[in-house]
Each structure stands twice: as structure tokens, then as C-alpha cells.
Amino acid sequence: MIEAESLSLRYPGGREALGDLSFRIDAGEMVFITGRSGAGKSTLVKLIANLLLPSRGVLRVLDCEPSRLARRHRPGLRRRIGMVFQDHRLLPSLSAADNVALPLRIQGAPDGEIERRVRAALDLVGLGQRARALPATLSGGEQQRVGIARAIVHRPPLLLADEPTGNLDPQLSVEIMALFERLGAHGTTVLIASHDLPLIRQMRKRVLVLEQGRLQEDFRPQAEPA
Amino acid sequence: MSRANLRGESRLRRLRWRHQRARKDALLHLSRQPAGHAFALLLLALALLALLLLKTGIDQFRHLGAPLQQAHALSLFLDESIDGTAAAALREQLQDDPRVVLAQAISPDAGLAELLHAEGSEEALSALPGNPLPWVIVIEPRDRDAAATLARDWRGRAQVSDIAEESQWRDRADAVVRTARAVLTGLALLVIGGVVLLVANAVRTIRVEGAEERALQRIFGASEADLRRPYLYLGALYGLIASVAAVVLALVVFLLLGPALAELTAAFALDPAGSRPDWPWLVGMIPAAVVMGTAGAWLACLFEKDVEASA
Ligand SMILES: Nc1ncnc2c1ncn2[C@@H]1O[C@H](COP(=O)(O)OP(=O)(O)OP(=O)(O)O)[C@@H](O)[C@H]1O
Ligand SMILES: [Mg+2]
């Protein structure tokens, strides 16, 4: 599903944000990436989302090697990835439903299908009633949930989330994590960058710990108590 | 039916949907700030109208140039010893030459009368004893080459004292007409370039507000072609609306100025067609403007990078 070998990334003119990462994530796994601020969590997520290309090393995502992918095939890979941003990145002029519809529109889905799937996705994040609301009239947590609905509306095999619970209260955070877990159970690979350690601990999932761009630890939980 | 075939069909269907949506987006853009668009569209329409007028000008110069292309009259001044019968025989001989369209014999009297009508020559001629003019045969050759070979053939013959070729000043007039046409054509090309840039600028302005949306669309897998499409339709729509407006304006111009233009063209021996609307051109202007608008929009979409540069 995701495979990194000696993966490095240096921002143009900047220092090395990621160095020599090697790991492997299987389909259906739910994995947290954690580390201090500036450790490279967001950078790794962007690499996997095919928004950045590695400077060195090999990265394979969904059986593709982005750095070897022809430019015109890049969008095709991105369409199979759902993405949640810390700052939501909702379009302020569009209703919640229209924001959620974005990935389906890009894929050229027919209107009826879009309507159906958008409603289902909003219901899933508990915002079925706010479909027509503009982002500015939603609370931070609601906006984040709209962003999550947008990331899963096209049922991508890979879901990436960069600090998805930054704006949520602990109760909602747990609910969202439960939702991610359910998606994982249906075969979606879920990768979450977060520094919410209590939440991560509570989830008992695999954790990649980054420290200054290096993989400090690949922690796998013990088999869950029966 | 194979699975690949099915997939291909659905891909085609989705592409059609994308085009439909892009057209809707373009209309949405246009309806959002009609006043802002109206200004740019009016400017475009005026530029296209200027293009139509330039085209009429080019046609007029072509019309002026046409007779000059053909006629390269030769005047054979016959020897003084040649009388009317000999001149008539020569004229007939020349008329039978396949290179000659028309040969006319002009008697000394006729030549004198013509000269006397020309201002200023009266005094000089009246001072002369008798009529000093020879018989002259004026030839209209078939073309420029015919004029040249005829002049070569007849120069130096005993019956001919001199040959005047009028092709020289005609060549000059020709060059003037050609230059004028080239200048007008150049101007027309400039206007076309201006139209394309005008659309490019209008589309670029509209695109500024959509930058964040496009960045997001790229992240979710929109291709550059997907992102360009609504703007290409917008550019095409710009061309369509502006050219229809330009055609209407042109018809109004012809309606109002038609009679005056007809007089003008008659007075200056211009092409009378220049005073009437040239339908194929008016109608052809519309698809041409659609192409120009699309090209302008495409230009406006060129300089935006994929997300990874701005990650
Ligand atoms: N576009 C960029 N250009 C240059 N350097 C960058 C860029 N983006 C991030 N960096 C640098 O790369 C390093 C890793 O950044 P990254 O955003 O991946 O950290 P992070 O782990 O997500 O931090 P946080 O928890 O604060 O979000 C940082 O040192 C940062 O300054
Ligand atoms: Mg970050």
C-alpha cells in the first residue's frame, strides 16, 4: 500500500525536512504519525499525497511510484486519495454539501450520484442537517467534519489526515477516530498525522514517531487484550 | 461486450459530464459580475468591428490593384512615313497576335485633339507648324509578360520609331497598393493579437479569485485540462458574445452609412461591394472570434504551477 525506502525530502533552498525514512504500511492498516512540531509530519503526508516528490529514495503509494509517474498520470493517483487538512481548507463560497461534492465533481460523477453520496458522507460525520450551511456559519469542529466528509465521499482506498482533530473536543475526536477505524475495517488505509498523544495512546494503533525528519520509532501495539 | 469497452464508454460519459459542468461554470462566471464582463465584452466587440472594417479596406486595395495587375498598355509610335492604311494594317497584325487583347490605332489628329484637351499643352502645340504627331497604336497586352515580349519584338523595327511602356508607373502604383494592403493586413494581425490578449487579461483577472479552489481541486486529482476547461469555455463565450455584438454593430454601420458609402465607392471607383455587408465574413467572424477567445483563455491558464511547487 505504502512503501518507503531511504526516503528523503529537502525543500528547495531549505534544510532536509525528511531523511532516510524506511517503512511499509499495508492495506487496511490505521497508522499514526507523530512527533514534535517541525518533525516532518505534514511533509510526509504531502509526499504520500503526491503533492511533493521525494528528493531521494523510493516511495510507493497504491502500487504507483509517484516520482516515476508521468505528469499526466499524477491526478489519477491523487483521485484515489482522501485528504483532511488541519485548517479544513473549505471553500467559503460553497455550502457544506458543495464542498463535500468536490472530489466527485472532479471525477465527473453524475449529479444524482453526487447528491446521494454527499448526503451519506455528511450523515456519517453527523452533519446531515447542515448540508446547505456555508462554512463561515459552522463551528470549527463542524468545519473539520465537513472536511472529513469531503475526504471520504469518493471512498478512496487511502485516507490521509493532517491533524484532523486539532479543532475538536476530546469527545468528538474520539468519535472521528472511531469513524476512521470503521473505514479501516472496510479496507481503507488510514494515515493520521497528529501530536495528540493521549488520543493516539487511546487508539492502540501503530505509531510512526518522527524526530527531526528521521524515523525514531515504529511502534506497534501488543495484540489487543481479549 | 468486453469490460474494457464498458470502462471506455463510461469514461467518455464522464468526460461529457465534465464538459457540461465546465460550460455551466463558465456561464456562472459570466452571470456573477455582468457589469464587469460587459465592459471587456464591449471593448472586444469594438476591436472585432475594427477588424471587419480593416478587412473592407484590404478588399478595396485589392480591387484597386486588380486592373493594374492586368493592364500594361504599350504605345507604339510609328515612323513618320507610315500612313493611315499602313497603320491600319499594322493594327490588324497586332490584333491577331495572341498576346494582344486590344490594339487601337490613333491618328495624328485624334492624338492632337487628346493632347489639346490636356491642360497646358495647348500653348506649346499651337506654336508648332501643322500636326507633328505620328500614328500611334495603343496595345492592351494580355499580361505583364506579354507586354514585355511585345515591346522586345517591336523595338527597333523600321515602322516603329519609339515604344512607350506604361508598366513602369503601374508597377509603382502596384507597389503602393501592395504596401497599403500589407500595412492593413499587419494592422489586422495586431488587432487579432490584441483581441487574444484582451481575453487573456479578462480571464486572468477572473482566475485570481479561483486560485485556492484550483489548488484544492489539484489535491483531489483534477488534471490541468480539467482546471482549464471552464476558462476555455469562458473565453469561447467571450468571443461568441463579442463577435455577435460586433456583427450587429457592423450591420448598423452599413444600414446607417450604406447610401453614403455607395456614393463614395462610386466616386472613387472603389469596389461597390465595400458599401454592403459581406455576409460570409460577418458570419465567419463568429467562429473566428470563438477561436481567438479560446486561445486567449488558454494563454491565461498557462502560468500556474501544480501544487508541489507551492507545498
Ligand atoms: N514549504 C516549505 N519550504 C521550506 N521548508 C519547509 C516548508 N514546509 C515545511 N518546511 C520545513 O520542514 C520541516 C518539517 O515541516 P512539517 O510541516 O513537515 O512539520 P510538522 O511535523 O508537520 O510540524 P507541525 O506539527 O508544526 O505541523 C520544518 O522545519 C519546516 O520549517
Ligand atoms: Mg504539520
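**Cavity, pocket and ligand site**

In this predicted model, the largest cavity is lined by A:Asp111, B:Trp17, B:Gln20, B:Arg21 and B:Lys24. Helix 1 of chain B gives the largest share of that lining, with four residues. Sorted by class, the cavity lining comes out as one nonpolar, one polar and three charged residues. There isn't much room in there: the largest cavity holds about 30 Å³ of space. The structure has one cavity of 30 Å³ or more.

Next comes the largest pocket, with a volume of about 970 Å³. Its lining runs to 29 residues, and those lying nearest the centre of the pocket are A:Leu94, B:Asp25, B:Leu28, B:Glu213 and B:Gln217. Helix 1 of chain B turns up again here, giving eight residues, the largest share of the pocket lining. On the chain B side, helix 1 (3–32), helix 8 (211–219) and helix 9 (224–267) each put at least two residues into the lining, and helix 3 (96–106) of chain A does so too. As for chemistry, 14 of the lining residues of the largest pocket are charged, 11 are nonpolar and four are polar.

Then there's ligand 1. The site is shared between chains, because the residues surrounding ligand 1 come from chains A and B. The shell has 14 residues, and the ones that come nearest are A:Arg15, A:Ser37, A:Lys41, A:Ser42 and A:Thr43. Helix 1 (residues 41–48) of chain A brings three residues, the largest share of the shell. By class, the shell around ligand 1 splits into six polar, four nonpolar and four charged residues.

A few polar contacts can be picked out at this site. A polar backbone atom of A:Gly38 sits 2.8 Å from an oxygen atom of ligand 1, and a polar backbone atom of A:Ala39 is 3.2 Å from an oxygen atom of the ligand. With A:Tyr11 the side chain is involved: one of its N or O atoms is 3.4 Å from a nitrogen atom of ligand 1. On its own, ligand 1 exposes 640 Å², and 65% of that is buried by the protein.

Zooming out to chain B, the domain assignment gives two pieces: domain 1 covers 19–68 + 174–310, while domain 2 covers 73–165. Taken over C-alpha atoms, the centres of domain 1 and domain 2 of chain B are 54 Å apart.

Definitions and conventions: Residues numbered from 1 in each chain as written. Chains lettered and ligands numbered in written order. Predicted model: local features only at pLDDT ≥ 70, side-chain atom pairs only at ≥ 80, totals over all residues. Heavy atoms only, no water. Domains from an automatic or database assignment. 1 Å grid on protein atoms, 1.4 Å probe; cavity = no way out; pocket = protein on both sides within 12 Å on 5 of 7 lines; lining within 4 Å. Points joined across faces, edges and corners; volume = space filled by probe spheres on them. Nonpolar A, V, L, I, M, F, W, Y, C, P; charged D, E, K, R; others polar. Near = heavy atom within 4 Å. Polar contact = N/O pair within 3.5 Å; in protein donor to acceptor, adjacent residues only side chain to side chain. Areas by Shrake-Rupley, 256 points an atom, 1.4 Å probe, with all protein chains shown as cover.
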